[in-house]
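Subject: Structure handover, with notes on helix packing and side-chain pairs

Hi,

Here is the structure I promised to pass on to you. Please open it alongside this email, as the notes below go from place to place in the chain.

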Amino acid sequence: MSQVLNHSDHKSVIGILAIAVAGSFLTSGCALLTKSEVQEVKAFANATKNYGTLPGGAIKAYGDISRNDRELEASARTFKSGKIAEQVRTNLEKSREADQAFAAAAERADKALSVLNTYSDCLSALSSDTYTDDLGQSASNLGKSLDQAVGAYNKSFGGNFGTFGAIVAGAIRAGGGIYIRHKQVTYLRDFIAAADAKMIPALTRDIRNLMQNNVRPNLTALKTRLDQDFDIAATHGETLPLETIHTINEWYDDLKKADQLAAAATTSANTYRVAHAKLAAAFAKKTDLQGVSDEIQTLIAEIKAAQKIKDDLTTK
């Protein structure tokens with residue numbers, strides 16, 4: 001015999017259904033993230049937040065110092081004819097164009113490597129222990145941003161990574177609240193595994209190659225050129241003004257910092273790769289993420305040190 005449920009009956013049924021749904025998640029092997037797991041994922045996300053901007057900082061510094069060196073070279077010329085002046089103007093114009101080109105290259109590197117910054121934001125969203133509507137909207141936007149960043153990276157570095165931002169948007173959008181909390185391990189595992197398989201190894205390799213095979217050799221060559229132009233400028237007259245000496249000394253200091261930044265970006269790319277691989281393996285094997293802690297702490301220290309060098313270069 002059927003009967004109409006009153007208001008209190010409705011509340012009881014809804015409560016029973018909620019408990020049943022929660023129980024089905026718990027018994028199906030979808031465990032909640034432990035506090036230590038949340039902390040390790042968030043620590044990795046926070047550690048890598050600004051990593052993608054480090055290579056661009058070294059490239060920009062090269063362009064700045066190269067332009068300064070061309071101006072130093074021009075200062076040592078003896079202007080005995082209009083032809084010399086014309087040559088100097090041409091050289092200065094080329095130096096300005098080169099400076100702009102390196103600034104644009106640095107900007108492209110930042111844009112392409114912003115995929116790592118966006119990836120860290122996605123990890124933060126997926127490891128959140130509180131669901132809100134704002135989180136759901138943020139995750140959807142982050143998923144789109146990640147795919148756009150992957151596209152920018154592919155264009156700049158010739159990669160062919162597929163997009164996987166939908167994992168983030170889909171995870172949060174799947175139902176929120178009790179659902180996302182009990183599926184969190186699954187979503188994080190799938191997302192981190194996809195990144196480790198599709199993106200992180202090649203991306204960190206490209207950063208190493210860019211720094212080792214391009215930026216650092218060019219910085220070494222630039223120092224040699226600056227040495228030569230300084231010798232010419234110093235022998236052109238009996239003395240150089242104190243201000244000129246001080247300025248050139250700062251260029252040498254910036255060259256050293258730019259090389260240190262490029263070296264730090266290279267080292268931390270290796271550490272990033274190792275730490276991320278261990279993070280992915282820990283989720284895949286459902287082992288304690290505290291075993292990844294040492295690599296993450298090393299990565300935090302390396303990126304902080306590199307960021308300080310970059311700040312020193314850009315805050316003058």
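Below are my notes on one helix pair, the aromatic pairs and some of the salt bridges. Please keep in mind that this is a predicted model.

**Helices α3 and α10**

I began with the packing of helix α3, residues 54-75, against helix α10, residues 293-314. Their axes are 10 Å apart and meet at an angle of about 35°, and the crossing is left-handed. Which residues make the contact between α3 and α10? From α3 come Leu54, Gly57 and Ala61, and on the α10 side they meet Ala306, Gln307, Lys310 and Leu313. Sorted by class, this contact has 4 nonpolar residues, 2 polar ones and 1 charged one.

**Aromatic pairs**

The count of aromatic pairs comes to 4. One of them is Phe44 with Tyr272, an edge-to-face pair with 5.3 Å from centre to centre and 70° between the planes. This pair links distant parts of the chain: Phe44 belongs to helix α2 (residues 35-47) and Tyr272 to helix α9 (residues 242-285), 228 residues apart. Are these two residues, Phe44 and Tyr272, buried or exposed? Both Phe44 and Tyr272 are buried. If you look around them, you will also find Tyr51, which ring pairs link with Phe44 and Tyr272 into a cluster.

Another pair worth a look is Tyr119 with Phe191. Their ring centres are 5.2 Å apart and their planes stand at 35°, so this pair is tilted; the tilted class covers angles that are neither under 30 nor over 60 degrees. Because Tyr119 sits in helix α4 (residues 82-126) and Phe191 in helix α7 (residues 177-198), the pair ties together parts that are 72 residues apart in sequence. Tyr119 has 0% relative accessibility and so counts as buried, and Phe191 is also buried at 0%.

**Salt bridges**

The salt bridges come to 12 in number, and I picked out three to show you.

Let me start with Arg225 and Asp69, whose closest N and O atoms are 2.8 Å apart. Arg225 is in helix α8 (residues 200-236) and Asp69 in helix α3, so this salt bridge ties together parts of the chain 156 residues apart in sequence. Asp69 has 0% relative accessibility, and therefore counts as buried.

Next, the side chains of Glu295 and Lys278 meet in a salt bridge at 2.8 Å, N to O. It links distant parts of the chain, with Glu295 in helix α10 and Lys278 in helix α9, 17 residues apart. How do the partners sit with respect to the surface? Glu295 counts as buried because its relative accessibility is 18%, and the cut-off for buried is under 20%. Lys278, with a relative accessible area of 37%, is partly exposed.

Last, have a look at Asp312 and Lys308, which form a salt bridge with their closest N and O atoms 3.5 Å apart. Both lie in helix α10, and because they are 4 residues apart, about one helical turn separates them. Asp312 is partly exposed, having a relative accessible area of 28%, while Lys308 counts as exposed at 53% relative accessibility.

That is what I have for you on these contacts. I hope the notes help you find your way around, and I look forward to hearing your thoughts.

Best wishes

Note on methods: Residues are numbered from 1 along each chain as its sequence is written. This is a predicted model: local features need pLDDT of at least 70, side-chain atom pairs count only at pLDDT 80 or more; totals for chains, interfaces and linings use all residues. Side-chain values use heavy atoms; hydrogens and water are left out. Axes are lines fitted to C-alpha atoms, for helices over the stretch in contact, and angles run from 0 to 180 degrees between N-to-C directions. Helices (H or I, at least four residues) and strands (E, at least two) are DSSP runs, numbered from the N terminus. A crossing is left-handed if the near helix is turned anticlockwise from the far one by less than a right angle, and right-handed if clockwise. Contact means heavy atoms within 4.5 Å. Ala, Val, Leu, Ile, Met, Phe, Trp, Tyr, Cys and Pro count as nonpolar, Asp, Glu, Lys and Arg as charged, and the others, Gly among them, as polar. Rings of Phe, Tyr and Trp (its six-membered ring) pair if their centres lie within 6.5 Å; planes under 30 degrees apart count as stacked, over 60 as edge-to-face and the rest as tilted. Buried means under 20% relative accessible area, exposed over 50%, partly exposed in between (1.4 Å probe, protein chains only). A salt bridge is a side-chain nitrogen of Lys or Arg within 4 Å of a carboxyl oxygen of Asp or Glu.
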